Amino acid sequence: MKLKALQTREIVKRKSQFLKKLAIFACLAALVSAGIFFAWRLIDSKINNGNSFINLKSKWKVYDYQGVYDISSAILYKSPFNTKARTYNGYASFFLAVSQSDVVQSLSYIDESINSLRIALQGARFGAVAQIEYMLGKAYFYKDLHSSYYYYADLAIDYLLKAKKHGYKADDIPELLGLSYASLGMTMESISAFTEALLVRESDILLLSIAEQYHNVGQDNAAEQYLFRISQECKDEQIILKSHLLMGNIYLEREQFDDAEKEFNFILEKNENSADAYYGLGVIYESRGEAAKARAEWRKALRIQNNHPLALKKMSEYK
């Protein structure tokens, strides 16, 4: 009987120990599960709140530049020199800039883009350097395009050439270089870049730009060839009118006044608010000794553009 009682107590003791271990294990499992749950909630909260590169990349993939800008700005608030966040912030700021109708707001985004990209360039991996240089070149080009007091075309050229040197390829690089060279008065470099751009993608605006640059260096025969190509195929009325204006000015310089008159009248039939066309007609009347008619045309030019420099100069000569 004693032996049986001892065996019973031993069984009860073992069951009690097992139940204690089971309870401890259950508590530990519950704690681990709770930890995993709260960790997942924390990660999910950060992702959904936008403070993660996972969400940043997902916004980038769907071209949500405002979302990319907001997320990268939040990351940079805590880590100002995070290269990846700086890069995304620079790219997003650029695309937000070009989508703005307000010039002041647009330039504010451009300044932020340039600042972020310049910082990102210092810590970028070699494989990312060329693309950042390309975007910096575009940002400076855009800033130059909309700036009234300072010039940034030289910086646009500098970064675009660096991007090309480092192997970055983009169809718009030659055209951007051509326009930047033109704004600096570097005519032959501009012609060379525009000609390269034509090999990538021919467009009427490129043809007109090349014609303008050839005219600037007195190579009007070459300019005429490009203007002729525009006249054959162009559908854009603004480009057509600009090409006729350039042709009219070429005829003026050659003193082919009848041909010039046809060009200026063609423009005014399409656009009666062309100050340059009225100015050109005034020069033609002046060449024929019809001073009263000439002054009348220059006055028309000044009514449209009160600071037209050539018309102002002509009017001052007849006081």
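Let me open with the surface: the accessible surface of the protein comes to about 19,400 Å², and 55% of that belongs to carbon and sulfur atoms. Those areas come from the Shrake-Rupley method with a 1.4 Å probe, and for residues, only the protein chains shown count as cover.

Before we go on, some housekeeping. This is a predicted model, in which local features need pLDDT of at least 70 and side-chain atom pairs count only at pLDDT 80 or more, while totals for chains, interfaces and linings use all residues. Residues are numbered from 1 along each chain as its sequence is written, and side-chain values use heavy atoms, with hydrogens and water left out.

So how confident is the predictor? On pLDDT, the predictor's confidence in each residue from 0 to 100, the protein has a mean of 86, and 83% of its residues reach 70 or more. Where is confidence lowest, and where is it highest? Helix α1 (residues 2-49) is at the bottom with a mean of 54, and helix α7 (residues 153-165) is at the top with 96. Please be careful with residues 43-48: pLDDT stays under 50 there, and the model has 5 contacts for them beyond four places in sequence. By contact I mean heavy atoms within 4.5 Å.

Now the overall picture. The protein has 16 helices and 0 strands; helices (H or I, at least four residues) and strands (E, at least two) are DSSP runs, numbered from the N terminus. Of the 319 residues, 39% are buried. Buried means under 20% relative accessible area, exposed means over 50%, and partly exposed is in between, with a 1.4 Å probe and protein chains only. Among the contacts with a separation of 6 or more, 46% are between residues 24 or more positions apart.

Let's zoom in on one buried residue, Ala97, in helix α4 (residues 83-98). Ala97 counts as buried, at 0% relative accessibility. Who touches it? Leaving aside neighbours within four places in sequence, Ala97 is in contact with Ser106, Tyr109, Ile110 and Tyr142. The C-alpha atoms of Ala97 and Ser108 are separated by 7.7 Å, with these positions 11 residues apart along the chain counted as their separation.

Next, helix α11. Its 14 residues, 220-233, should span 20 Å at 1.5 Å a residue, and the end C-alpha atoms are indeed 20 Å apart. The expected span is 1.5 Å times one less than the number of residues. Which residues of α11 are buried? They are Asp220, Ala222, Ala223, Tyr226, Leu227 and Ile230. These cover an arc of only 160° around the axis, which puts them on the same side of α11; the arc is that of the directions from the helix axis to the C-beta atoms. They pack against α9 (187-200), α10 (204-216) and α12 (237-254). The face turned away from that buried side carries the exposed residues Asn221, Gln225, Phe228, Gln232 and Glu233.

Helix α16 can be read in a similar way. Ala311, Lys314 and Met315 are buried. Seen down the axis, the buried residues of α16 fall within an arc of 100°, so they line one face of the helix. They pack against α14 and α15 (291-304), while Pro309 and Lys313 are exposed on the other side.

Lys314 brings me to salt bridges, meaning a side-chain nitrogen of Lys or Arg within 4 Å of a carboxyl oxygen of Asp or Glu. How many are there by this rule? The count comes to 14. Lys314 pairs with Glu286, the closest N and O atoms being 2.9 Å apart. This pair links distant parts of the chain, with Glu286 in α14 (residues 275-287) and Lys314 in α16 (residues 309-317), 28 residues apart. Glu286 is partly exposed at 22% relative accessibility, whereas Lys314 is buried at 16%.

Two more pairs to look at on screen. Asp111 bridges to Lys143, with closest N and O atoms 2.6 Å apart, and this joins helix α5 (residues 103-123) to helix α6 (residues 126-146) across 32 residues. Asp111 is partly exposed at 38%, and Lys143 is buried at 12%. Glu175 bridges to Arg201 at 2.9 Å between the closest N and O atoms, linking helix α8 (residues 173-183) to the loop between α9 and α10.
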